[in-house]
Amino acid sequence: MSQMAASALKSIYKEDAILRINNLQVFFYTDIGISRALNGVTFDVPTGKVLGVVGESGCGKSVTALACMRLLARSAKILKGDITLFRRSKKENGNGNGAIVDEVKLTDLDPMGDEIRKIRGEELAMIFQEPMTSLNPSYTVGDQIAEAIILHQEVDAAEAKQRTIKILDQVGMANAAGIFARYPHELSGGMRQRAMIAMGLSCNPSVLFADEPTTALDVTTEAQILDLMRDLQAQLGMSIVFITHNLGVVAQMCDYVAVMYLGRIVEQTSVETLFYSPKHPYTSALLNSIPHAGSRERKRLQPIRGVVPDPYSSIKGCPFHPRCNSYMPGKCDQAVPAITQIEEGHNVRCFLYSDEVEE
Ligand code: SF4
């Protein structure tokens, strides 16, 4: 299958894809009803770049990452769509950014099976939001990282320990050998998050999902962790999917951005275009709701009207129409707009730019 064949839209990237999420629909079946978490999410993860996935809480960012890792809760069901990992050959610098050598349809794999267990950690890794709930309190930090290395890299315990100490050192932990023997509760929040990053990087994955990795940290530690991740990404050449609701973090970290609203991508472009020429009313509203450092203009911040609708309800028409300042009655409340390319490298889902409707 060719890379372009799976996607009707022209790619917004200069780079080839390492991961393709195509028309993914995920619902949660719970006691109180059906939560429509993802309603046809389509985007590529560019090889060797940082893609930011932004949007308010509840728009489906984390569910998308968990679906790729095949770590969705039992109540979730993938109803439609697929996720493909493009395995690439290693270049001389060790980065897996060469030609495609294999394709794996992650959605076809048994989420409890051996194949996905091998892919998790080795090819796809994830850093979770709150390390205290993700690290096992009864094992030392070093043992938890070394376990992943032993599992995926077929080395003995002594070699795994050496590699763990090296990676703890790489993520900026002073006295890495001492940290190896510490339990998670003995570390500060920033150190625990560094340990999570070390665990994520321990097998040099092709794609790292970072799910709000700095939300629980103070601003100084956040800046250090973001610098560290950017440096390591450049050094190791991996792709990062950076999930956040913080547009300041996006500006600092990302090359490209996908904006999500209620389980769909509504705008996707480069980070520069998103900040200087946002097109979707939701993106503009997000940008107007945050302060701009250095701005000479004195104007009030504009909060976005209303809240993200309950995913248990279903909205006719464009899901953003109850909150949209550009809402066109009789049009926006009748059909869901399709995502279309409005200029080179810029895709938007809105009737202001195209009359095309989603199938
Ligand atoms: Fe607003 Fe209509 Fe565009 Fe939806 S389709 S974002 S309601 S203008």
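Ten salt bridges are found in this structure, which is a predicted model. The tour visits some of them, then the sheet, and then the covered parts.

**Stop 1: Arg20 and Asp44**

Select Arg20 and Asp44. Their side chains meet in a salt bridge, at 2.8 Å from N to O. Arg20 belongs to strand E1 and Asp44 to strand E2, so the pair ties together parts 24 residues apart in sequence. Arg20 counts as buried, at 3% relative accessibility. Asp44 is buried too, at 11%.

**Stop 2: the sheet around this pair**

Now show residues 17–30, which are strand E1. Eleven bridges join E1 to E2, and the two strands run antiparallel. For one facing pair, pick Leu24, which stands opposite Val41 in E2.

Widen the view. Four strands make an open sheet, in the order E2-E1-E4-E5, with antiparallel pairing. E2 (33–46) and E5 (100–105) stand at the edges; each has a single partner strand, so one side of each is left without a neighbour in the sheet. From one strand to the next, the twist averages 10 degrees.

Add helix H1, residues 61–69. H1 packs on the sheet and touches E1, E2 and strand E4 (76–88). The direction of H1 makes about 110 degrees with that of E1.

**Stop 3: a nonpolar patch**

Select Tyr29, Ile34 and Leu79. They make a nonpolar surface patch of about 230 Å². Ile34 sits in strand E2 and is partly exposed, with 33% relative accessibility.

**Stop 4: Arg87 and Asp102**

Move to Asp102, which forms a salt bridge with Arg87; the closest N and O atoms are 3.1 Å apart. Asp102 lies in E5 and Arg87 in E4, so this pair ties together parts 15 residues apart in sequence. Asp102 is partly exposed at 34%, and Arg87 is partly exposed at 23%.

**Stop 5: Arg264 and Glu358**

Jump to Arg264. This residue forms a salt bridge with Glu358, with the closest N and O atoms 3.1 Å apart. Arg264 lies in strand E10 and Glu358 in the segment after strand E12 (346–348), so the pair ties together parts that are 94 residues apart in sequence. Arg264 is buried at 11%, whereas Glu358 is partly exposed at 28%. Before leaving the salt bridges, add Glu123 to the Stop 4 selection: salt bridges that share partners join Arg87, Asp102 and Glu123 into one network.

**Stop 6: strand E3**

Select residues 50–54, strand E3. The strand is mostly covered, with five of its five residues buried. Val50, Gly52 and Val54 point one way, while Leu51 and Val53 point the other way. In a regular strand, side chains alternate between the two faces of the sheet.

Show the partners next. Five bridges join E3 to strand E8 (residues 239–244), running parallel. There, Val53 has Ile243 as its bridge partner. Four bridges join E3 to strand E9 (residues 256–261), also parallel. On that side, Val54 is the bridge partner of Val259.

**Stop 7: His280 and helix H11**

Select His280, in the loop between helix H10 (271–276) and helix H11 (281–288). His280 is buried, with a relative accessible area of 2%. Leaving out residues up to four places away in sequence, His280 touches Val266, Glu267, Phe320, Val348, Arg349 and Cys350.

Finish on H11, which is mostly covered: six of its eight residues are buried. These are Pro281, Tyr282, Thr283, Ala285, Leu286 and Leu287. The buried residues of H11 pack against helix H9 (247–253), E9, strand E10 (264–270) and H10.

Technical notes. Residues are numbered from 1 along each chain as its sequence is written. This is a predicted model: local features need pLDDT of at least 70, side-chain atom pairs count only at pLDDT 80 or more; totals for chains, interfaces and linings use all residues. Side-chain values use heavy atoms; hydrogens and water are left out. Two strands pair if DSSP finds at least two bridges between them. Axes are lines fitted to C-alpha atoms, for helices over the stretch in contact, and angles run from 0 to 180 degrees between N-to-C directions. Contact means heavy atoms within 4.5 Å. Buried means under 20% relative accessible area, exposed over 50%, partly exposed in between (1.4 Å probe, protein chains only). Patches are made of residues with over 30% relative accessible area and no salt bridge: like charges are joined within 9 Å, nonpolar side chains (Val, Leu, Ile, Met, Phe, Trp, Tyr) within 5 Å. Accessible areas come from the Shrake-Rupley method with a 1.4 Å probe; for residues, only the protein chains shown count as cover. A salt bridge is a side-chain nitrogen of Lys or Arg within 4 Å of a carboxyl oxygen of Asp or Glu.
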